[in-house]
Amino acid sequence: MRKIGFVIAAVAALFVCPMNASAQDAQDNRVTVKIWPDGAPNSSGPNARDAGFEPILVIYKAQEPNGLAVLGLPGGGYAMLSKSHEAHDFYKFYNSIGVTYAVLEYRLPNEHSEIPLSDVQKAMAILRGMSEELGFTKLGIQGCSAGGHLASTAATHYTSDENRPDFQILFYPVITMDK
């Protein structure tokens, strides 16, 4: 429990003194995985904003894993993905403290709320399947803004132990879709 508290406090420090990562640093330890290599089981329709978009999981493995991993979900109001400052920019910090970090570039809902959640659940299952290779035993989920909403939804609407996060980190999450 102390490790998780430390990670949460340390992540908060990112907003005070962000660490910028070079493109070369990212390429050295990054692996990209298609989460639906045989096609997604659901779709938001042929005219969806994400037509032709294939969700991917970008994994930044820690050089000296400490047993923790975090799946990051970017925000963007479910209209776009803020992939840099709300997702990929976190990797260098997490890796520096031994946490393997992954970013899910998920499909947008286009009025089908189950679409992004299914992508998250699949990404969690993929990461759990790679836990030994990546060196972690605890897998958390993190999200900013709409990504925070999606992270909290995934943490409370999981369908199995395979896609259930062990902890969650929510940065300015959307907490309701009501007006």
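## Cores, strands and helix α4 in a predicted model

The largest nonpolar core of this predicted model has 29 residues, and L57, L71, L73, L104, V120 and L127 are those with the most contacts inside it. A nonpolar core here is a set of buried Ala, Val, Leu, Ile, Met, Phe, Trp, Tyr and Cys residues joined through side-chain atoms within 4.5 Å. At least two residues of this core come from each of β2 (56-60), β3 (67-73), β4 (100-105), α4 (114-129), β5 (136-144) and α6 (146-156). Helix α4 gives the most, with 6 residues. Because the model is predicted, local features need pLDDT of at least 70 and side-chain atom pairs count only at pLDDT 80 or more, while totals for chains, interfaces and linings use all residues. Residues are numbered from 1 along each chain as its sequence is written, and side-chain values use heavy atoms, with hydrogens and water left out.

**Overall make-up**

- The protein has 6 helices and 6 strands, taken as DSSP runs numbered from the N terminus (helices H or I, at least four residues; strands E, at least two).
- From the N terminus on, the order of elements is α-α-β-β-β-α-β-α-α-β-α-β.
- Of the 179 residues in the protein, 50% are buried; buried means under 20% relative accessible area, exposed over 50%, and partly exposed in between (1.4 Å probe, protein chains only).
- The accessible surface of the protein comes to about 9,100 Å², and 53% of this belongs to carbon and sulfur atoms; areas come from the Shrake-Rupley method with a 1.4 Å probe, and for residues only the protein chains shown count as cover.
- Among contacts between residues at least 6 apart in sequence, 80% join residues at least 24 apart; contact means heavy atoms within 4.5 Å.

**Cores**

- L73, one of the residues with the most contacts inside the largest core, touches E86, L104, Y106, V120, I141, Q142, G143, C144, G147, L150 and A151, not counting residues up to four places away in sequence.
- A second, separate core has 17 residues, including V70, A87, F93 and V99.

**Helix α4**

- Helix α4 has 16 residues and reaches 23 Å from its first C-alpha to its last, close to the 22 Å expected at 1.5 Å a residue; the expected span is 1.5 Å times one less than the number of residues.
- Because 13 of its 16 residues are buried, α4 is largely enclosed by the rest of the structure.

**Strand β4 and its partners**

- All of β4 is covered, with 6 of its 6 residues buried.
- T100, A102 and L104 lie on one side of β4, and Y101, V103 and E105 on the other, and both faces are covered.
- β2 and β4 pair in the antiparallel sense over 5 bridges; two strands count as paired if DSSP finds at least two bridges between them.
- In the pairing with β4, I59 stands opposite A102.
- β3 and β4 pair in the parallel sense over 4 bridges, and the bridge partner of V70 in β4 is Y101.
- β3, helix α3 (residues 91-96) and β4 make a right-handed β-α-β unit; right-handed means that, with the strands pointing away from the viewer, the path from the first strand over the helix to the second runs clockwise.

**Strands β5 and β6**

- β5 and β6 pair in the parallel sense over 5 bridges, and Q142 stands opposite I169 in β6.
- The chain crosses from β5 through α6 to β6 in a right-handed β-α-β crossover.
- Side chains alternate along β6 (residues 167-171): F167, I169 and F171 point to one face and are buried, while Q168 and L170 point to the other and are not.

**Loop residues**

- N110 is found in the loop between β4 and α4; its phi is near 45 degrees, a positive value in a residue other than glycine.
- At 23% relative accessibility, N110 counts as partly exposed.
- E111 also has its place in the loop between β4 and α4; its phi is near 70 degrees, again positive in a residue other than glycine.
- E111 is exposed, with a relative accessible area of 79%.
- N163 is found in the loop between α6 and β6, and at 7% relative accessibility it counts as buried.
- Leaving aside neighbours within four places in sequence, N163 is in contact with Q121, M124, A154 and Y158.
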